[in-house]
Each structure stands twice: as structure tokens, then as C-alpha cells.
Number of protein chains: 2
Amino acid sequence: MTFDQIRNRQEKPSWKGVLPGRPVPFFLDDGDGERSAVFDSLVTVLLSKDETDGQFGVFTMRQPKGDLIVPHSHVDVHEIFYVVEGAARVFVEHADGRQESKLLGPGDFGYVPAGIVHSYRGEAEYTKILGVCTGGFERFFQALGELTDERDVPLTEPFTPSPEQMQEAFSRYRNIPLPDYRWEEA
Amino acid sequence: MTFDQIRNRQEKPSWKGVLPGRPVPFFLDDGDGERSAVFDSLVTVLLSKDETDGQFGVFTMRQPKGDLIVPHSHVDVHEIFYVVEGAARVFVEHADGRQESKLLGPGDFGYVPAGIVHSYRGEAEYTKILGVCTGGFERFFQALGELTDERDVPLTEPFTPSPEQMQEAFSRYRNIPLPDYRWEEA
């Protein structure tokens with residue numbers, strides 16, 4: 001076993017236990033939380049269903065300018081996008097089939113309830129989004145990605161899941177991917 | 001005259017109807033939302049229980065450097081503080097009686113579950129906090145304050161509620177004020 005292998009075997013990620021797992025007060029510094037690499041993005045869970053009696057989860061997404069996230073809808077998850085830094089274009093399909101997209105900058109807000117086809121794309125060199133979701137969805141990104149100790153993007157080691165891992169993550173979190181869906185404005 | 005009667009009588013604010021009131025997709029530009037003046041702060045509701053099947057509400061608080069908010073606890077509301085700009089010191093009393101305070105800067109996060117005595121104070125000339133709460137609490141600030149068309153602080157017209165309005169707001173939103181509570185570090 002090489003030194004690097006030994007080192008990598010050590011208790012990664014170092015953030016294990018950073019969330020209390022029950023409804024008690026706690027604080028996190030910027031960058032702290034449960035971190036995972038998902039393609040070229042870093043997703044950090046700040047709060048989970050375990051601290052909120054299942055009500056909501058909170059996470060940040062840091063990403064470089066990149067590709068459109070695969071269009072998808074959640075069976076039973078409501079979700080917000082609040083842009084903290086940079087810019088993101090959020091795409092939604094309303095219930096009547098009408099498509100809408102909006103370029104969100106710092107302080108701008110988007111809401112996507114359950115059942116609505118949506119997607120988004122980082123439009124700045126560096127974008128940081130605060131997300132809030134129905135409790136229990138927040139760790140989808142850990143199932144889709146890889147736990148990491150990195151703290152920001154660009155990631156030293158971007159992570160591309162296998163088709164099997166993607167399918168397992170989408171299925172477990174009741175997330176319906178629509179890879180063939182097209183946005184007129186995208 | 002009840003609070004709802006007063007609210008419905010007003011022709012202002014111009015933002016009436018800015019939230020859809022049901023779970024449909026929508027977007028808000030920075031500064032848009034249901035705005036109220038509460039003392040020297042501007043609180044803007046971005047999302048309410050009506051859009052999230054009662055799960056959670058989202059709001060921003062903009063404030064100048066100011067006084068400590070009266071210590072209080074919520075009977076049944078979980079709440080987060082995510083600092084977007086500026087700085088705020090958040091005070092909590094843990095279940096074992098131990099007090100803790102933390103100065104939060106941009107990107108820092110604090111969580112206060114139901115039943116925990118807490119307070120906070122803006123520590124920068126200009127502080128902007130994103131809050132998330134158990135669905136249904138988000139309009140507490142409208143009951144405590146005054147609906148307004150102002151978009152930022154410092155407010156042209158700060159608003160101080162009467163003792164009766166304060167009591168009605170705290171009571172209706174199951175918020176327990178503890179004006180005699182003291183923080184060792186405050």
C-alpha cells in the first residue's frame with residue numbers, strides 16, 4: 001500500500017458529524033458543512049431533515065461557468081434558488097406547458113415547487129447559490145456525487161458519477177431526469 | 001379593528017400579490033417581495049407557507065447597526081440565519097442553560113430550533129440576513145411592523161409598534177418574548 005493510499009484511507013471526509021443530527025442550535029463558518037463533489041460543482045449541506053423534524057434542508061452550490069443541469073422534476077420536493085454570488089439562469093416549465101427562464105444575480109430568488117420540470121446553469125465564472133428544499137432531499141447531491149474535503153471550486157478533483165450511481169441517486173430521491181427535454185431559450 | 005382588517009384596508013403597499021399564494025414557480029428580483037418596516041429593519045418575505053404546503057418560509061432582513069433584538073423563543077418554529085452581507089452576532093441558550101454567541105459574517109450560518117432562547121444584533125453598518133423558518137412564521141414581521149414600499153435601509157420611516165401590537169404579534173405567532181433575559185456576552 002502506498003503512502004497516498006494510506007493517507008486517503010484516513011477518516012475522510014473530515015467533516016463527518018459536523019451537523020448535530022437532532023434539533024439543537026449550532027453554527028457553521030462559511031465553507032463548513034457536509035461537502036460533496038458533483039461533476040464540477042461543490043455542494044455543501046448546512047442543515048438536514050434530522051435537525052428540522054423533517055421540515056426543510058439547506059445547502060449551498062458553488063460552481064464554475066458550466067453546462068446546463070439535466071432537466072428534471074421532483075415528485076415531492078419544493079426547492080428554492082437564492083443567488084449569493086455570480087449568476088445562474090433558472091429554467092422552469094409551468095403547469096400549462098409554458099417555458100420561462102430567468103437570469104438570477106445576487107439577491108435574486110427563484111422558486112420551483114414539486115412536479116415542475118426545471119434546470120439551471122451557472123452563468124458567471126464563479127456562482128454561489130443557497131438552496132432550500134423539502135426536508136430529506138438535501139443529501140441527494142451526496143448520493144449523486146462523492147464526499148469531499150475540498151472547500152471551493154474549481155475542484156481539484158471533479159467527479160463524474162457512473163450511469164448506475166446516477167440512476168440509484170435519482171431513484172432514491174424521487175428525482176425524475178428528463179435528458180431529452182429541450183428549453184427553447186437554452 | 002383586527003390586524004387583518006387594517007392590512008386589507010391599506011391601498012399600499014404596491015407589492016400586494018407579489019407572491020402567488022399557491023405552489024407554482026416564480027421569480028423575484030433582489031429587493032422584491034412582501035416588505036415590512038420593523039423598528040429600523042426591513043424584512044422582505046420571499047416565500048410563504050402558501051407556496052410550500054406549509055413546509056417553510058423564506059425572508060431577508062436588512063438592518064443598520066443596531067440594538068439587540070429582544071431575547072425570545074418560538075413554541076414551534078425552527079429558524080436559520082444565513083448572513084449574505086455584513087455581520088450579525090447570534091445568541092443562543094442551549095437546552096442545558098449554557099449560553100453561546102457567535103459573530104456571523106458573509107456565508108456563515110446559524111440554526112435555532114424551536115424552544116431555544118435566542119437573539120441577534122446587526123454588527124456592521126449594513127447587514128443582510130437570509131432567514132428560513134417553519135412555514136407560517138414568516139409573516140410575523142408584518143404583524144410586528146408596518147407594511148411598506150421601501151426597499152432598503154436605512155428606512156425613511158422606521159416603525160415602532162405599540163405595546164398592544166407587539167403583544168398581538170407575539171401571541172399570534174407563538175413567539176415568547178423574554179425582555180428581562182440577559183446574555184453574559186452582550
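**Salt bridges in a predicted model**

Q: How many salt bridges does a search of the whole structure find over all chains?
A: The model is a predicted one. Side chains of opposite charge can pair when their charged atoms come close. Over all chains, the search finds a number of salt bridges equal to 24.

Q: Which parts of chain A does the salt bridge between D152(A) and R62(A) tie together, and how many residues apart are they in sequence?
A: The two side chains meet with an N to O distance of 3.7 Å. D152(A) belongs to the loop between β12 (146-147) and α3 (163-172), whereas R62(A) belongs to strand β4 (residues 56-64), so the pair ties together parts whose separation in sequence is 90 residues.

Q: Is R62(A) buried or exposed?
A: Its partner D152(A) has 34% relative accessibility and therefore counts as partly exposed. Buried means under 20% relative accessible area. R62(A) has a relative accessible area of 3%, so R62(A) is buried.

Q: Where in chain A does R174(A) lie, the residue that pairs with D76(A)?
A: The side chains of D76(A) and R174(A) form a salt bridge at 2.8 Å, N to O. This pair links distant parts of the chain, 98 residues apart: D76(A) is in the loop between β5 (72-74) and β6 (79-85), and R174(A) is in the loop between α3 and β13 (175-177).

Q: What is the relative accessible area of R174(A)?
A: D76(A), the other member of the pair, is partly exposed at 36%. R174(A) is also partly exposed, with a relative accessible area of 45%.

Q: Which residue forms a salt bridge with E123(B)?
A: E123(B) counts as partly exposed, at 24% relative accessibility. The closest N and O atoms of the salt bridge are 3.0 Å apart, and the partner is R121(B).

Note on methods: Residues numbered from 1 in each chain as written. Chains lettered and ligands numbered in written order. Predicted model: local features only at pLDDT ≥ 70, side-chain atom pairs only at ≥ 80, totals over all residues. Heavy atoms only, no water. Salt bridge = Lys/Arg side-chain N within 4 Å of Asp/Glu carboxyl O. Helix = DSSP H or I, 4+ residues; strand = E, 2+ residues; numbered from the N terminus. Buried < 20%, exposed > 50% of the residue type's maximum accessible area, 1.4 Å probe, protein only.
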